[in-house]
Amino acid sequence: MKRIVVLGSTGSIGTQTLDVVRRHPDKLQVVALAAGTRGEELLAQAREFGVRHLAVGDERLAAEVVADDLRAQAMQAGRCVAAAAAGGARGAAGASLAGGGSGTDARAAVAADEEGSLGFGADAVAALAQLPEADVVVNALVGAAGLRASYDALAAGKVLALANKESLVVGGDLIMPLAAQADARRRTEGGAPAHGPAGALMPIDSEHGAIYQCLIGEDAREVSRLWVTASGGPFRGRTRAQLADVAASEALAHPTWNMGAKITIDSSTLMNKGLEVIEAHHLFAMPYDRISVVVQPQSAIHSMVEFADGSVKAHLGTTDMRIPIQYALSYPERWDAPVAPLDFTQLGSLEFAAPDEDAFRCLALARRAGEVGGTLPCAMNAANEVAVAAFLAGEGTYLGIAECVEAVMEAHEASGVQRVESLEQLEELDAWARCEARRNVR
Ligand SMILES: NC(=O)c1ccc[n+]([C@@H]2O[C@H](COP(=O)([O-])OP(=O)(O)OC[C@H]3O[C@@H](n4cnc5c(N)ncnc54)[C@H](OP(=O)(O)O)[C@@H]3O)[C@@H](O)[C@H]2O)c1
């Protein structure tokens with residue numbers, strides 16, 4: 001039984017992760033859940049899965065009625081676990097979050113008893129990543145806000161099932177050495193599979209899950225190129241001029257994937273592909289000049305790996321995130337498919353095209369940020385988050401997203417890109433870049 005924490009449980013990846021758990025109750029147990037603002041949804045999930053460790057990112061919810069219900073749920077589920085433990089059915093109850101660890105103001109809103117816990121604020125969410133009784137942390141938070149949880153999960157020796165690509169974009173230079181240490185520990189302690197990667201960091205992004213699988217059994221020195229596939233988004237084929245009046249509702253209508261709002265906008269601007277190029281660079285230690293993006297509008301091929309002898313391995317599957325989510329949780333095993341497999345007789349044709357980097361400038365901007373490296377991807381990512389939020393709120397234009405990202409990157413390059421050294425340094429730079437971006441929303 002793998003005991004999992006789901007951070008961002010009320011979102012697109014979070015709810016699909018819980019669906020995978022529903023299908024495999026004999027293999028997966030949810031021990032903690034965290035959400036941002038949707039308290040009622042979190043409560044329903046906690047009740048369904050009997051979860052006793054809960055956290056809410058938005059501290060304002062601590063003063064709302066739902067907080068009492070969440071607290072009651074945490075305590076009640078805790079008592080059930082304690083009773084089961086007393087009866088010898090389970091291990092000892094876990095520590096209360098309120099009782100130890102790095103207490104902060106946010107934790108002032110924590111209520112807990114011996115067995116269950118409820119916390120509000122960013123610290124409470126990140127604390128769940130280190131929960132002693134958890135084996136796996138699914139990081140399905142959105143944005144750079146997910147970086148600390150990724151870092152803490154690996155530092156605590158958990159398997160990190162990572163959907164939050166921004167963790168690697170912003171902090172890949174910190175996360176990957178931690179993942180390597182965690183892999184080495186897993187090998188020494190016998191927690192790693194006999195063959196293949198040790199599995200401390202499992203990508204959930206479908207493209208990276210695909211590459212991960214294509215690389216199993218291969219010699220990394222014989223890999224010549226990674227091909228990251230892109231659907232092309234809802235505006236594929238448009239020129240830059242034709243993108244000038246795009247409304248948020250149009251950009252939110254993705255042709256092949258059903259996702260959260262931020263990643264859907266990123267997919268339409270191709271920033272998502274740019275973030276994925278940086279993610280692939282870190283995950284697979286691949287130089288940027290050997291990572292290519294190809295538009296594959298059917299999204300049936302999730303990515304490809306090309307080898308020195310000209311052979312190419314592709315990963316195909318139904319366009320449903322529950323497949324890569326489940327693989328990240330089942331590795332090194334494969335469990336029964338969570339959705340119907342691809343029916344090739346119905347697939348029709350597969351198309352390929354080069355991305356249009358003139359119309360969709362964010363891809364080239366992200367690639368440049370990755371190539372320069374250091375703290376530039378952090379500034380680039382923060383600017384993108386601000387510009388996308390402004391566009392969704394009707395305060396910025398679609399083409400203004402790339403303009404804002406470029407302006408912030410230039411400002412950061414002018415003041416001096418630094419080597420990445422710590423989470424604190426990145427958090428400080430992220431805050432600066434957000435201020436700078438707000439001045440450049442247009
Ligand atoms: N969706 C996909 O198909 C997909 C595919 C590949 C990769 N990803 C990546 O997965 C991540 C999540 O994407 P998504 O589409 O699932 O996003 P989403 O639907 O917007 O969900 C985000 C989740 O994070 C929670 N959250 C946001 N800010 C928080 C905070 N400060 N503290 C605690 N919780 C917070 C939200 O809570 P509330 O809703 O309660 O506010 C929600 O549960 C992103 O990095 C994305 O790039 C997504």
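**First stop: the loop between α11 and α12**

Begin by selecting P332, which is found in the loop between α11 and α12. The model on display is a predicted one. Display the backbone on the N-terminal side of this proline: a cis peptide bond joins Y331 and P332, with an omega of about 10 degrees.

Keep Y331 selected and add Y212. These two residues belong to the aromatic pairs of the structure, of which there are four. The pair formed by Y212 and Y331 is edge-to-face; the ring centres are 5.8 Å apart and the planes stand at 90 degrees to each other. Which parts of the chain does this pair link? Y212 belongs to helix α7, residues 206-215, whereas Y331 sits in the loop between α11 (322-330) and α12 (344-347). The two residues are 119 residues apart, and the pair thus links distant parts of the chain.

Are these two tyrosines buried or exposed? Y212 has a relative accessibility of 9% and therefore counts as buried. Y331 has a relative accessibility of 8%, so Y331 also counts as buried. The limit for this class is a relative accessible area under 20%. Now add Y327 to the selection, and one aromatic cluster made of Y212, Y327 and Y331 is in view.

**Second stop: the ligand**

Select the ligand next, together with its surroundings. The shell around the ligand consists of 24 residues, and the closest are T10, G36, T37, R38 and E166. By character, the shell divides into ten nonpolar, ten polar and four charged residues.

Three contacts with oxygen atoms of the ligand can be inspected in turn. At R38, a polar side-chain atom lies 2.6 Å from an oxygen atom of the ligand. At G36, the partner is a backbone N or O atom, 2.8 Å from an oxygen atom of the ligand. At I13, a polar backbone atom is 2.9 Å from an oxygen atom of the ligand. Switch then to a surface view: the ligand taken alone exposes 900 Å², and the protein buries 86% of that.

Where does the ligand lie with respect to the domains? Colour domain 1 (2-202) and domain 2 (206-317 + 326-438) separately. Both domains give residues to the shell around the ligand, so the ligand lies between them.

**Third stop: two residues with positive phi**

Move to A285, in the loop between α10 (271-284) and β10 (291-295). A285 has a positive phi of about 50 degrees, although A285 is not a glycine. Its relative accessibility is 68%, so A285 counts as exposed.

Continue to S299, in the loop between β10 and β11 (301-307). S299 is likewise not a glycine, and its phi is positive, at about 55 degrees. Is S299 buried or exposed? S299 is buried, with a relative accessible area of 6%.

**Last stop: D289**

Return to the loop between α10 and β10 and select D289. At a relative accessibility of 59%, D289 counts as exposed, because exposed means a relative accessible area over 50%. Finally, select A253 as well and draw a line between the two C-alpha atoms: D289 and A253 are 32 Å apart in space, with their positions 36 residues apart in sequence.

Conventions. Residues are numbered from 1 along each chain as its sequence is written. This is a predicted model: local features need pLDDT of at least 70, side-chain atom pairs count only at pLDDT 80 or more; totals for chains, interfaces and linings use all residues. Side-chain values use heavy atoms; hydrogens and water are left out. A residue is near a molecule or strand if one of its heavy atoms lies within 4 Å of it. A polar contact is a pair of N or O atoms within 3.5 Å; within protein, one must be able to donate a hydrogen and the other to accept it, and residues adjacent in sequence count only if both atoms are side-chain atoms. Accessible areas come from the Shrake-Rupley method with a 1.4 Å probe; for residues, only the protein chains shown count as cover. Ala, Val, Leu, Ile, Met, Phe, Trp, Tyr, Cys and Pro count as nonpolar, Asp, Glu, Lys and Arg as charged, and the others, Gly among them, as polar. Domain bounds come from an automatic or database domain assignment. Rings of Phe, Tyr and Trp (its six-membered ring) pair if their centres lie within 6.5 Å; planes under 30 degrees apart count as stacked, over 60 as edge-to-face and the rest as tilted. Helices (H or I, at least four residues) and strands (E, at least two) are DSSP runs, numbered from the N terminus. Buried means under 20% relative accessible area, exposed over 50%, partly exposed in between (1.4 Å probe, protein chains only).
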